[in-house]
Amino acid sequence: MAYRGWLNTLIDGGATGENTIAQMTEGWRLECQERIDLWQQQVEEDARELQERAECEKAEKEAEEQEEWCEAEKKKPKINNFNSETPMADIIIPCPSQYAIQKIKNIEYVELWYFSPDGCHDSVAITSRSTLDSNDTFGFAKVDGIVALKTIASFKASQKALQDHDLSWHQFDLAKTSFLIHIKKSGWPEKHQQALALFFMLITNHEHRMRPWGEKNPASLRRIRPSRMA
């Protein structure tokens, strides 16, 4: 009704009905557009405020988490760093016979017994006996970069050598460790060293050893077959 009164006023002032309606329509459109623009601005402003508030809360949360992490790190037990390139101190490693060493250098099979304490002691005993025998023949051998005289007997296979599966678990544990050390010193490929280390680990943790009396059963190591290691 308010628009009708305004329309009558315009008509009474000399405007035609169509012009008056057109003016009213344009005025209404402009007013609506102004309201829409104001509403859009308010929406954008509200969204911007929400985003700023969210970013602020996120930054505060991250700062708190970082502070908590720093506090937790301070409370963690610390372990000293070290240089992995620093060489280890020299230790006395049981030395097998030159026969076993040569097999290793030639990348040939050799019984683990030669690397066990029994095998190393046998090598020392052979050298000692040969030293007392003036008729024994000596040859040159390179040991840790030093050329030394060794008896020819030390280059021969020992009659006391045992097959790998005839070793006790204790002998096997000690021998395989010494064996791995010597193949590393002889420059075997890293891939082969890791494969043998894994192979020995699987054997030492085999189910036969875990059974009651498995450690003391001399036949438990003999029962292990490579096909059953997988």
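Just after helix α3, Ile 107 takes a positive phi of about 55 degrees. The residue is not a glycine, although its phi is positive. In this predicted model, Ile 107 belongs to the loop between α3 and α4. Its relative accessible area is 54%, and Ile 107 is therefore classed as exposed, since the cut-off for that class is over 50%.

The residue before it in the numbering, Asn 106, is also found in the loop between α3 and α4. Asn 106 has a relative accessible area of 41%, so it is partly exposed. Along the chain, Asn 106 and Trp 188 are 82 residues apart, while their C-alpha atoms are separated by 10.0 Å. On the other side of Ile 107 comes Glu 108, whose side chain meets that of Lys 103 in a salt bridge with an N to O distance of 3.3 Å. Glu 108 counts as partly exposed because its relative accessibility is 36%.

It is useful at this point to place these residues within the whole protein. The secondary structure comes to seven helices and two strands. Read from the N terminus, the elements follow the order α-α-α-α-β-β-α-α-α. The protein has 230 residues, of which 22% count as buried.

Helix α3 itself contributes to the buried residues. Within α3, Gln 98, Tyr 99, Ala 100, Ile 101 and Ile 104 are buried. How many aromatic pairs does the structure hold? The structure holds eight aromatic pairs. One of them joins Tyr 99 and Tyr 114, with ring centres 5.2 Å apart and planes at 50 degrees, and this pair is tilted. The two partners come from distant parts of the chain: Tyr 99 lies in helix α3 (residues 98-105), Tyr 114 lies in the loop between α3 and α4 (117-132), and 15 residues separate them. Tyr 99 has a relative accessibility of 18% and therefore counts as buried, the limit being under 20%. Tyr 114 is buried as well, because its relative accessible area is 3%.

A further pair is made by Phe 172 and Phe 200. Their ring centres are 5.8 Å apart and their planes stand at 80 degrees, so the pair is edge-to-face. This pair, too, links distant parts of the chain, with Phe 172 in helix α5 (residues 169-185) and Phe 200 in helix α6 (residues 190-204), 28 residues apart. Both Phe 172 and Phe 200 are buried. They also belong to one aromatic cluster, formed by Phe 115, Trp 169, Phe 172, Phe 179, Trp 188, Phe 199 and Phe 200. Trp 188, a member of this cluster, is the residue whose C-alpha atom is separated by 10.0 Å from that of Asn 106.

The discussion now turns from aromatic rings to charges. Side chains of opposite charge can pair when their charged atoms come close. A search of the whole structure finds four salt bridges, including the one between Glu 108 and Lys 103. Another is formed by the side chains of Glu 31 and Arg 35, at 3.4 Å from N to O. Both residues lie in helix α2, four residues apart, which is about one turn of the helix. An α-helix has 3.6 residues a turn, so residues three or four places apart point the same way. Glu 31 counts as partly exposed because its relative accessibility is 36%, whereas Arg 35 has a relative accessible area of 56% and is therefore exposed.

Helix α2 contains a second example of this arrangement. The side chains of Glu 71 and Lys 74 meet in a salt bridge of 3.9 Å, N to O. Because Glu 71 and Lys 74 are three residues apart in helix α2, about one helical turn separates them. Glu 71 has a relative accessible area of 37% and so is partly exposed. Lys 74 counts as exposed because its relative accessibility is 63%.

Where do negative charges gather in a patch? They do so on the surface, where the patch consists of Glu 57, Glu 60, Glu 62, Glu 64, Glu 65, Glu 67 and Glu 68. One of these residues, Glu 60, is found in helix α2 (residues 17-75). Glu 60 counts as partly exposed because its relative accessibility is 46%.

Conventions. Residues are numbered from 1 along each chain as its sequence is written. This is a predicted model: local features need pLDDT of at least 70, side-chain atom pairs count only at pLDDT 80 or more; totals for chains, interfaces and linings use all residues. Side-chain values use heavy atoms; hydrogens and water are left out. Patches are made of residues with over 30% relative accessible area and no salt bridge: like charges are joined within 9 Å, nonpolar side chains (Val, Leu, Ile, Met, Phe, Trp, Tyr) within 5 Å. Accessible areas come from the Shrake-Rupley method with a 1.4 Å probe; for residues, only the protein chains shown count as cover. Lys and Arg count as positive and Asp and Glu as negative; His and the chain ends are not counted. The place of a charge is taken as NZ of Lys, CZ of Arg, CG of Asp or CD of Glu. Buried means under 20% relative accessible area, exposed over 50%, partly exposed in between (1.4 Å probe, protein chains only). Rings of Phe, Tyr and Trp (its six-membered ring) pair if their centres lie within 6.5 Å; planes under 30 degrees apart count as stacked, over 60 as edge-to-face and the rest as tilted.
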